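User: I would like to go through this model step by step, beginning with overall dimensions and ending with packing. Please keep the reasoning explicit.

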Amino acid sequence: MEEIVLGIGITALAGALATVAGAAEDTESDIGSQGDPNSQVQLAPQMGYIHRIFNKAVSGEPPAYGLWCAIGAGVAWAFLQLNYNPALAIILGSIVAVFIQGIYCTSGYLGRTASLAKFKQPVYIDIIKSLTSVTMAHAFVAIFCTTAMCYLMATALHHPFALPLLGLIWGIALGAAGSATGNPFYGKERQYQTQKFGAGVPISASGNIVRYAEAGQRSSLDNGWFTTKFAGPASGICFGLIVFLELWRTVLFEKMVAGWGAVIAGVILILIFTFIDRWIEKWGRRTYGPYTEAEEASS
Amino acid sequence: MSALGGAAAGGEGLNMTGTIVGIVIILVSLGATYMLGASLIVPLIGIIVGGALIGFGVHFVPVGGAPAAMGQAPGIATGVAMLAAGAGLAGLFGGAWAFEATGDFLISILGGAIGGGLMMAITCLMVNATYVFAMGIPAASGKVARDPITGDSFPEYKSQGTEGHGLPFISFVGGVIGGTIAGLGGTLIYIELLEAYQTGLATLMQAEPEVIAPLAVSLAGIFAIGFFLVNAVLAAYNITGTIEGPHDPKFKRVPRAVIGCAVASAFCGLISLLLVMNIGM
């Protein structure tokens, strides 16, 4: 019984860490313009729209965070082998990982922007100076929380995988959850804020991203301010739910029904999410209504 | 016709020459494995089946890539390979844990499958929540006029100048099925590798299997992740960009991916098992 209570406590803590990690990851990727919406940041100068948005898509978010979290967890594991205090080891691992993230950010921005030289897009040194440290700070929170969560899984919940392997797996899952949930909000709602609300961006408008703010040119910091209103917390909830429910169903139900408890609990959870999704889908159609009449659309 | 005036590349049928070459590679890999360690033939077949399952599962996952991030196309706004890898690896995490706790093959691979499906269910739900509650955009498919499951009509819910947006119910179901199959395949590969390494490394290093267990688990885990990425990327090449799910016409390309992934898994499986081959097993 004590073991289960401890397991539930660890599960809740891991879920909370994952929620913070998801929110920080998405905000970092929006300030740094790392995910799929960066295609528009890269495209804009080619269409004649010069901008001051950070442009650092090193790779897709999942492999990038897989790398950074694996480095963070790997270095932390090495320090743990030297009998360092776990908290200190995880912090040191995250610091090493975040410096590598900073190097990738800098080379990513310089390389990507320099490739746009023929379209007259300048390399702004002040953007590197002011924004790289901001993305590094957010990445530190994401990597630290993910590594700490993996440490809990490895030591308190006795998962068979070693800490660096858990870092790689959950780093990739973190990037997948963050980019899936957060990207549309940054891509559609922020980059194309001048387009109609409640409709997709017409393909003909591609590249015409919003480049001006209330005063002066828009900075990527403004994008981080905007996306933390929804995309960041939503990504956090998404990754937090994934981690929490994956651990919860195993810790609580694994030994029930001759070992089938966790599988059955997982199936029930999937069915619950399916019903909620269907309700959201119907609610959206009912609330917003069709864009055109059905007859006209089908003609 | 492509934009450059040439014939459109990549059809839906099977390339017979390529298929025959692929089957030969599978047979050579199986033969080489049999010659070097007859007991490793079953793990290799498990790896081939697992790889084919991953390739099959990835085709179900609705991925919209960059256009989905602007609400220009339906699907999840990220890359095919990476999303599938995220789901499958979450499944692998659950499957490996279940195998450690129960030691039951069936419970473990189904545990891995459900882990992948659960990850995709939550992700797809949050994608729809973002589209509907934050962006005010209802879900609409661009490839079919009606949802094959619910019968919902799509054309009138498609905003002007786009190919659709959000995740219609068929895409949600496709995502869950894709995550489930990919998680199952990944866990199957992991368990087959683990069993081969546990006995093989113990013989090789002349140590007790319990002592060798952490090394075997780590090696099997790393190789399973590698297999996952190989197969997910191969499937992504077959999909070429975006896919809405099982109702997308691109889904008909799936036999090619299954064969391609089986071939790649057979050869990579041979390489991964070389570690414990020819040691008198």
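User: What radius of gyration does chain B have, set against that of a compact globule with 281 residues?
Analyst: This is a predicted model, in which local features need pLDDT of at least 70 and side-chain atom pairs count only at pLDDT 80 or more, while totals for chains, interfaces and linings use all residues. Residues are numbered from 1 along each chain as its sequence is written, and chains are lettered from A and ligands numbered from 1 in the order in which they are written. Along its principal axes the C-alpha trace of chain B spans about 70 × 45 × 25 Å. A compact globule with 281 residues would have a radius of gyration near 19 Å (taken over C-alpha atoms, with a globule rule of 2.2 Å times the number of residues to the power 0.38), and chain B agrees with this at 21 Å.

User: How many helices does chain A have?
Analyst: The C-alpha atoms of chain A fill a box of roughly 65 × 55 × 30 Å along the principal axes. Helices (H or I, at least four residues) and strands (E, at least two) are DSSP runs, numbered from the N terminus; by that count chain B has eight helices and zero strands. Chain A likewise has zero strands, and its number of helices is 10.

User: What share of the residues of chain A counts as buried?
Analyst: A residue is buried if 20 or more other C-beta atoms, placed from the backbone, lie within 10 Å of its own, exposed if 12 or fewer, and partly exposed in between. By this criterion, 64% of the 281 residues of chain B are buried. For the 299 residues of chain A, the share is 55%.

User: How many residues does chain B give to the contact with chain A?
Analyst: Two residues are in contact if their C-beta atoms, placed from the backbone, lie within 7 Å. Chain A provides 74 residues, and the elements giving two or more of them include α3 (61-81), α6 (163-190) and α9 (261-288) of chain A. By class, this side of chain A has 44 nonpolar, 20 polar and 10 charged residues (Ala, Val, Leu, Ile, Met, Phe, Trp, Tyr, Cys and Pro count as nonpolar, Asp, Glu, Lys and Arg as charged, and the others, Gly among them, as polar). The number given by chain B is 71 residues.

User: Which residue with a positive phi follows α9(A)?
Analyst: At 1.5 Å a residue (times one less than the number of residues), the 28 residues of α9(A) should span 40 Å, which agrees with end C-alpha atoms that are 41 Å apart. The buried residues of α9(A), among them A:Leu269, A:Phe273 and A:Ile280, pack against α8 of chain A together with α4 (80-102), α5 (105-134) and α6 (169-205) of chain B. The residue that follows α9(A), with a positive phi near 75°, is A:Gly289.

User: Why is α3(A) largely enclosed by the rest of the structure?
Analyst: The 21 residues of α3(A) should span 30 Å, and the end C-alpha atoms are 30 Å apart, which agrees. The helix is largely enclosed because, of its 21 residues, the number buried is 16.

User: Which element gives the most to the largest nonpolar core?
Analyst: A nonpolar core is a set of buried Ala, Val, Leu, Ile, Met, Phe, Trp, Tyr and Cys residues joined through C-beta atoms within 7 Å; the largest has 191 residues, and A:Met149, A:Ile169, A:Ala173 and A:Ile242 have the most contacts inside it. Leaving aside neighbours within four places in sequence, A:Ile169 is in contact with B:Leu89, B:Leu92, B:Phe93 and B:Ile225. With 18 residues, the element giving the most is α6(B).
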